[in-house]
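This report describes one protein chain, with attention to its aromatic rings and its metal site. Please consult the structure while reading.

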Amino acid sequence: AAKTDGRNRARTFTRSMLIVLEQREMLRRSLRTALEEDQFFIEYQPLVSPSRAVVGFEALLRWRHPLIGIIPPSVFIPMAEADGLMSEIGQWLLEQVCRTAMTWPPHFTVAVNLSPAEFLHAGLTDRVARVLDLVGIRAERLELEITESVLLERTTNNLDTLNTLNVLGVQISLDDFGTYYSSLSYLKNFPFDTIKIDQYFIKDLEHDKKGQTIVRSIIALAHGLGMHVTAEGVETEGQMNWLRKEGCDRLQGYFLGFPLPAEAIGDFLRNASTAPADFPGLGADRN
Ligand code: C2E
Ligand code: MG
Ligand code: MG
Ligand code: MG
């Protein structure tokens, strides 16, 4: 079968595929320029409590390419990882994000995603400590999101890194929960503060009994382990109401707010509830 596959692949390697490859190569080469010429920017998506008070934002990276326009992180982050540039980009982002968060109400948290290369980078914990110090933001306000894919390798080092971050006082979230291996041993061994349920489980929630059972179980599991739960990809009022009824701690999704450029957050907050008492978790209680 492998042989046939190989032959088919050779035969069907078309001009359009070549163009796609050339475009990817062109993009990959412009990544370094992007960093030097400030083509990256950050959007912030609100995280809300069950009563819809804003409690923080997740930082999401975008690339405004001068010719192509806006390129999503799913396209360029794997390239930056492969080129060894992601750690440098992430360092720039972390400082930007912490500075922006300092302009928000002081109980708001800010979440930053860490790709595998960033998490595995030997200098990560020092870098986080340095940025917290430099910017003067309380550690509890910073939430670092990692996915399980990161934890597949180098287990003892991973545990050291997570423990060091935990000692620094930053929050650690397990992102996209349910889409990778969902090995429960991670939950037993690693010090997460929050589990983020992947949007895949939220999509059909209102009509899918099995999905409901899974989400309900994840909430119970997280709470039983003393962790918070955030639901991603909440797009309807029905989903919001269901999650609220089931005791989900935080909600995120287009129904509650789109990712916004930093400059738009002031206006967004003027029309939103931001009561600090609303979400007695993550940072808020320590204010
Ligand atoms: P993620 O961390 O799971 O981020 C959530 C993604 O879901 C974001 O896509 C967000 O725009 C999208 N989203 C939010 N609400 C909804 C909704 O209601 N419906 C739907 N369909 N989608 C929703 P985005 O910004 O394209 O980011 C994709 C992924 O790229 C992120 O997934 C994260 O893994 C990665 N990423 C984004 N920014 C960064 C970054 O600064 N550093 C690193 N290392 N990774 C990043
Ligand atoms: Mg995330
Ligand atoms: Mg902690
Ligand atoms: Mg996610």
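The text below moves from the chain as a whole to its ring pairs and then to a bound ion.

**The chain as a whole**

The model is predicted. The chain has 287 residues, of which 47% are buried. Its secondary structure consists of twelve helices and ten strands. Among the contacts between residues at least 6 apart in sequence, 70% join residues at least 24 apart. The surface that the chain exposes amounts to about 14200 Å², and carbon and sulfur atoms supply 53% of this area.

**Aromatic rings**

A pair of aromatic rings is described by the distance of the centres and the angle of the planes. In the whole structure, a search finds twelve aromatic pairs. One of them is formed by W63 and F76: the ring centres are 5.8 Å apart and the planes stand at 85°, which is over the 60 degrees required, so the pair is edge-to-face. This pair links distant parts of the chain, since W63 belongs to strand β2 (residues 54-65) and F76 to helix α3 (residues 73-82), 13 residues apart. Are these two rings buried or exposed? W63 has a relative accessible area of 0% and is therefore buried; F76, also at 0%, counts as buried.

A second pair is that of F190 and F192, whose centres lie 6.2 Å apart; their planes meet at 65°, so this pair is edge-to-face as well. F190 is buried at 5% relative accessibility, and F192 is buried at 6%. The table sets out the geometry of both pairs.

| Pair | Distance of centres | Angle of planes | Arrangement |
|---|---|---|---|
| W63 and F76 | 5.8 Å | 85° | edge-to-face |
| F190 and F192 | 6.2 Å | 65° | edge-to-face |

Ring pairs also join Y44, F57, W104, F108 and F268 into a cluster. A ring may have a charged neighbour too: the charged end of R64 sits over the ring of F41, at 4.2 Å from the ring centre.

**The magnesium ion**

Which residues coordinate the magnesium ion (ligand 3)? The ion is coordinated by N166, through OD1, and by D193, through OD, at 2.3 to 2.7 Å. These two residues link distant parts of the chain, being 27 residues apart. N166 lies in helix α7 (residues 155-168), whereas D193 lies in the loop between α8 (184-189) and β7 (194-197). With a relative accessible area of 33%, N166 is partly exposed. D193 has a value of 21%; because buried means under 20%, D193 is likewise partly exposed.

Notes:
Residues are numbered from 1 along each chain as its sequence is written. Chains are lettered from A and ligands numbered from 1 in the order in which they are written. This is a predicted model: local features need pLDDT of at least 70, side-chain atom pairs count only at pLDDT 80 or more; totals for chains, interfaces and linings use all residues. Side-chain values use heavy atoms; hydrogens and water are left out. Rings of Phe, Tyr and Trp (its six-membered ring) pair if their centres lie within 6.5 Å; planes under 30 degrees apart count as stacked, over 60 as edge-to-face and the rest as tilted. Helices (H or I, at least four residues) and strands (E, at least two) are DSSP runs, numbered from the N terminus. Buried means under 20% relative accessible area, exposed over 50%, partly exposed in between (1.4 Å probe, protein chains only). A charge sits over a ring if NZ of Lys or CZ of Arg is within 6 Å of the ring centre and within 35 degrees of the ring normal. Contact means heavy atoms within 4.5 Å. Accessible areas come from the Shrake-Rupley method with a 1.4 Å probe; for residues, only the protein chains shown count as cover. Donors are N, O and S atoms within 2.8 Å of the metal (3.2 Å for Na, K and Ca); water is not among the atoms, so sites may look incomplete.
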